[in-house]
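Colleague: Please take me closely through one part of this model: the cysteines and the contacts around them. Then work outward from there. Short sentences are fine.

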Amino acid sequence: MIKNKKAQEALVGFALIVIIVSIVILSILFFAFRDKNEKAIESYEVSSFIQSSLQYTTKCENSFGNVSIKKIITDMCAYDQRCQNGASSCDVLRDTIKAMINSGFQIGNGSAVKGYSFIIWEGENEMISLKEGNETKSYKGSSQDFSRGSSLLKIYFKLYY
């Protein structure tokens, strides 16, 4: 009877070792074959993008020099003003934001980010709307509110994954 008990203990020990080794091998395989291009986007990254983009200096110039994105939104595009070189301030704003998004986030089928939506509202009026890629039900987003006189400006930015 003692021999049977020792044999059973040995089999249980062997089974536990096989289970543990199987879990380790499956974990290694999971991480080895996972798509390395996909990087999860966090909400703080979307919020930080909005904050830093407002401070970004564009190629649009006024009488004081180059203008930041926030200045274009509040002082120029809202009033349909032009840059000193004759370019539309809204077009410069749109092109600059699009270039920043495309350089900051890899967008497409081979990436974690499948699309984006960047919208600037002045009250009830849509000032700028940029959308690219696919909108999905999964997204990380952020918004930024600031005022221009009595008007409330809102920026909404969503990254779909």
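What follows is a walk from the cysteines out to the rings, the charges and the surface.

Modeller: A caution comes before the details: this is a predicted model.

How many disulfides does the structure hold? There are two. Counting the bonded cysteines along the chain, the pattern is 1-3, 2-4. Each disulfide is a covalent bond between the sulfur atoms of two cysteines.

Take Cys60 and Cys83. Their sulfur atoms are 1.9 Å apart, S to S, and a disulfide joins them. Cys60 belongs to strand 1 (residues 57-62), while Cys83 sits in the loop between helix 3 (69-76) and helix 4, so this bond ties together parts that are 23 residues apart in sequence. Which hand does this disulfide have? The torsion about the S-S bond of Cys60 and Cys83 is about -115°, so it is left-handed. Cys60 and Cys83 are both buried.

Now the other bond. Cys77 is joined to Cys90, again with S to S at 1.9 Å. Here the torsion is about 110°, so the disulfide of Cys77 and Cys90 is right-handed. The bond links distant parts of the chain: Cys77 lies in the loop between helix 3 and helix 4, Cys90 in helix 4, and 13 residues separate them. Are Cys77 and Cys90 buried or exposed? Cys77 has 7% relative accessibility, so Cys77 counts as buried, with the cut-off at under 20%. Cys90 has a relative accessible area of 12%, so Cys90 is buried too.

The loop between helix 3 and helix 4 thus holds Cys77 and Cys83. Asp80 is found in that loop as well. What is unusual about the backbone of Asp80? Its phi is near 55°, a positive value in a residue other than glycine. Most residues other than glycine have a negative phi. Asp80 is also exposed, because its relative accessible area is 61% and the cut-off is over 50%. Compare the cysteines: Cys83 is buried, Cys77 is buried, and Asp80 is exposed.

Next, the helices on either side of the loop. Side chains of opposite charge can pair when their charged atoms come close. The structure holds three salt bridges. In helix 3, Lys71 and Asp75 are four residues apart, about one turn of the helix. Their side chains meet in a salt bridge, 3.2 Å from N to O. Lys71, at 41% relative accessibility, counts as partly exposed. So does Asp75, at 32%. Lys71 also has a neighbour back along the chain: Tyr56 is 15 residues away in sequence and 9.9 Å away in space, C-alpha to C-alpha.

Helix 4 holds a bridge too. Asp91 and Arg94 both lie there, three residues apart, again about one turn of the helix. The closest N and O atoms of this salt bridge are 3.0 Å apart. Arg94 is partly exposed at 28% relative accessibility. Asp91 is partly exposed, with a relative accessible area of 40%. The sequence neighbour Cys90, by contrast, is buried. Further along the chain, Lys131 and Glu135 form a salt bridge at 4.0 Å, N to O. Both Lys131 and Glu135 are exposed.

Two lysines meet rings instead. The charged end of Lys70 sits over the ring of Phe146, 5.2 Å from the ring centre. Lys158 lies over the face of Tyr139, at 4.6 Å from the ring centre.

Then come the ring pairs. The whole structure has five aromatic pairs. In one of them, Phe105 and Phe157, the ring centres are 6.0 Å apart and the planes meet at 55°, so the pair is tilted. Phe105 lies in the loop between helix 4 (89-104) and strand 3 (115-122), and Phe157 in strand 6 (residues 151-160), so parts 52 residues apart in sequence are tied together. Phe105 and Phe157 are both buried. Which residues do ring pairs link into a cluster? They are Phe49, Phe105, Phe118 and Phe157.

Finally, the surface. Ile17, Val21, Ile25, Leu26 and Leu29 make a nonpolar surface patch of about 460 Å². Ile25, one of its members, lies in helix 1 (residues 2-33). At 45% relative accessibility, Ile25 counts as partly exposed.

Technical notes
Residues are numbered from 1 along each chain as its sequence is written. This is a predicted model: local features need pLDDT of at least 70, side-chain atom pairs count only at pLDDT 80 or more; totals for chains, interfaces and linings use all residues. Side-chain values use heavy atoms; hydrogens and water are left out. Rings of Phe, Tyr and Trp (its six-membered ring) pair if their centres lie within 6.5 Å; planes under 30 degrees apart count as stacked, over 60 as edge-to-face and the rest as tilted. Helices (H or I, at least four residues) and strands (E, at least two) are DSSP runs, numbered from the N terminus. Buried means under 20% relative accessible area, exposed over 50%, partly exposed in between (1.4 Å probe, protein chains only). A charge sits over a ring if NZ of Lys or CZ of Arg is within 6 Å of the ring centre and within 35 degrees of the ring normal. A disulfide is a pair of cysteine sulfur atoms within 2.5 Å. Patches are made of residues with over 30% relative accessible area and no salt bridge: like charges are joined within 9 Å, nonpolar side chains (Val, Leu, Ile, Met, Phe, Trp, Tyr) within 5 Å. Accessible areas come from the Shrake-Rupley method with a 1.4 Å probe; for residues, only the protein chains shown count as cover.
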